[in-house]
Amino acid sequence: MPELPEVEGVVQALKPEIEGRTIKQVQLSEIIRFSFSEGKQCIVKQSEPDAFEMALTQMTIQKIERRAKYIFFHLLKEDVSYILVSHLGMTGAWFVVNSPEEIGEAKFKKHIHATFQMTDGGYLIYSDIRRFGELRFLAQLADHAPLTKMAPEPFDEAASDFFIAKSLLPKYEKKAVKEVIMDGQVISGCGNIYATEALFAQKIHPARKMNRISEKRKRQLFEAIVAVLRQSIEAGGSTISDYRNINGGAGSMQNRLKMYGKKICPECGTDTSQMTIGGRTSVFCPNCQH
DNA sequence: GATAAACTCCGGTTGC
DNA sequence: TGCAACCGGAGTTTA
């Protein structure tokens with residue numbers, strides 16, 4: 001499942017391939033169309049499928065950037081700018097190919113949901129096995145309110161102070177630390193994998209209440225999150241489950257994970273424990289983490 | 001009104 | 001071999 005480092009890898013791979021190119025034609029899948037006719041917004045949000053395809057035709061992709069776990073495609077048509085917001089959900093993947101047939105893995109080829117044919121030939125393709133991802137065409141980010149409520153990028157100078165301030169709010173102070181750090185309105189881009197790793201690195205129990213952690217420890221935890229995110233970006237992300245980069249390739253961070261998905265603590269050899277926190281499976285060492 | 005918990009989307013994977 | 005249970009970002013709905 002793609003988290004911030006994986007999305008960063010996708011964006012870095014897409015940039016040289018796609019920036020500056022113009023979309024000739026867009027084709028959405030029959031599943032998207034059928035779901036829409038049933039009243040559901042499958043992958044494509046806030047737009048009718050026909051309107052989405054029409055709107056993106058002749059758009060030039062000026063710039064691609066990552067924000068939290070989102071990909072922003074900055075678009076331009078007839079001097080007016082727009083944004084295509086993409087979230088990969090659990091199983092979304094982008095491919096840049098000369099023909100859709102080039103997608104090697106059957107399960108990705110089978111679940112193609114958006115095909116962007118470019119004016120210079122070639123295709124930008126969005127595939128999504130479980131359809132948890134989203135494509136949202138907007139005139140401006142404010143047209144989707146949650147995007148304006150995101151915490152700053154964890155690498156921003158102000159992000160640590162932002163985290164401290166948020167953690168003191170009544171809404172968060174009595175919650176489990178893991179639930180808080182995974183909230184995109186508190187810290188951007190920290191999903192289950194990296195929250196698990198950072199809490200283990202800091203020997204903090206994932207269920208510990210926020211108000212039972214000192215400011216100093218909170219700042220240390222924040223730094224641990226930033227460190228593990230940076231390390232993972234350098235390693236090309238974690239290849240777990242259905243994440244692939246745009247070449248269908250794999251990162252290596254999964255080999256460096258110390259607690260996520262582990263049965264035994266690598267530090268002390270104790271069997272790890274599991275519990276559900278904020279609706280998510282959480283792994284920790286009952287001996288090391290307090 | 002603010003907050004929280006429940007619910008929704010889905011198919012590959014796992015376990016019986 | 002078949003089949004039900006399970007999992008999870010982020011948004012929406014219900015309590």
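# Briefing: DNA strands, pockets and annotated spans

For residues 258-290, UniProt lists "domain: FPG-type" in an unreviewed entry, with positions given in the numbering used here, a shortened feature name, and the caution that annotations may be inferred rather than shown by experiment. This is a predicted model, in which local features need pLDDT of at least 70 and side-chain atom pairs count only at pLDDT 80 or more, while totals for chains, interfaces and linings use all residues. Residues are numbered from 1 along each chain as its sequence is written, chains are lettered from A and ligands numbered from 1 in the order in which they are written, and side-chain values use heavy atoms, with hydrogens and water left out.

**Annotated spans**

- Residues 258-290 are 0% helix and 30% strand, and the C-alpha atoms at the ends of the span lie 17 Å apart; helices (H or I, at least four residues) and strands (E, at least two) are DSSP runs, numbered from the N terminus.
- A second UniProt annotation, "domain: Formamidopyrimidine-DNA glycosylase catalytic", also from an unreviewed entry, covers residues 2-133.
- Over residues 2-133 the chain is 39% strand and 27% helix, and the end C-alpha atoms are 11 Å apart.

**DNA strand C**

- There are 13 residues around DNA strand C, of which M1, Y70, H87, F132 and T281 come nearest; a residue counts as near a molecule or strand if one of its heavy atoms lies within 4 Å of it.
- Sugar or phosphate supplies 64% of the atoms of DNA strand C within 4 Å of the protein, and the rest belong to bases.
- Polar contacts (pairs of N or O atoms within 3.5 Å; within protein, one must be able to donate a hydrogen and the other to accept it, and residues adjacent in sequence count only if both atoms are side-chain atoms) can be listed for this strand as follows: a phosphate oxygen of DNA strand C lies 2.5 Å from a polar side-chain atom of H87, a phosphate oxygen is 2.7 Å from a side-chain N or O atom of Y70, and a phosphate oxygen is 3.1 Å from a polar side-chain atom of T281.
- By class, the surface near DNA strand C has 5 nonpolar, 5 polar and 3 charged residues, where Ala, Val, Leu, Ile, Met, Phe, Trp, Tyr, Cys and Pro count as nonpolar, Asp, Glu, Lys and Arg as charged, and the others, Gly among them, as polar.

**DNA strand B**

- The residues around DNA strand B are K40, K107, K110, H111, I129, R130, R131, F132, K171 and K175, and sugar and phosphate account for 63% of the strand's atoms that come within 4 Å of the protein.
- A phosphate oxygen of DNA strand B lies 2.3 Å from a polar side-chain atom of R131, while the corresponding distances are 3.1 Å for H111 and 3.4 Å for K107.
- The surface near DNA strand B divides into 7 charged, 2 nonpolar and 1 polar residues.

**Pockets**

- The largest pocket has a volume of about 700 Å³; a pocket is an open set of points, on a 1 Å grid over the protein atoms alone, where a 1.4 Å probe fits, with protein on both sides within 12 Å along at least five of seven lines, and lining residues have an atom within 4 Å of a point.
- Of the 31 residues lining the largest pocket, K69, H87, M182, G191 and R280 are the closest to its centre, and the elements that give two or more residues to this lining are α7 (177-181) and β11 (280-284).
- The lining of the largest pocket draws at least three residues from each of domain 1 (4-148) and domain 2 (159-284), with bounds that come from an automatic or database domain assignment.
- The second largest pocket has a volume of about 170 Å³, a volume being the space filled by probe spheres set on grid points that are joined across faces, edges and corners.
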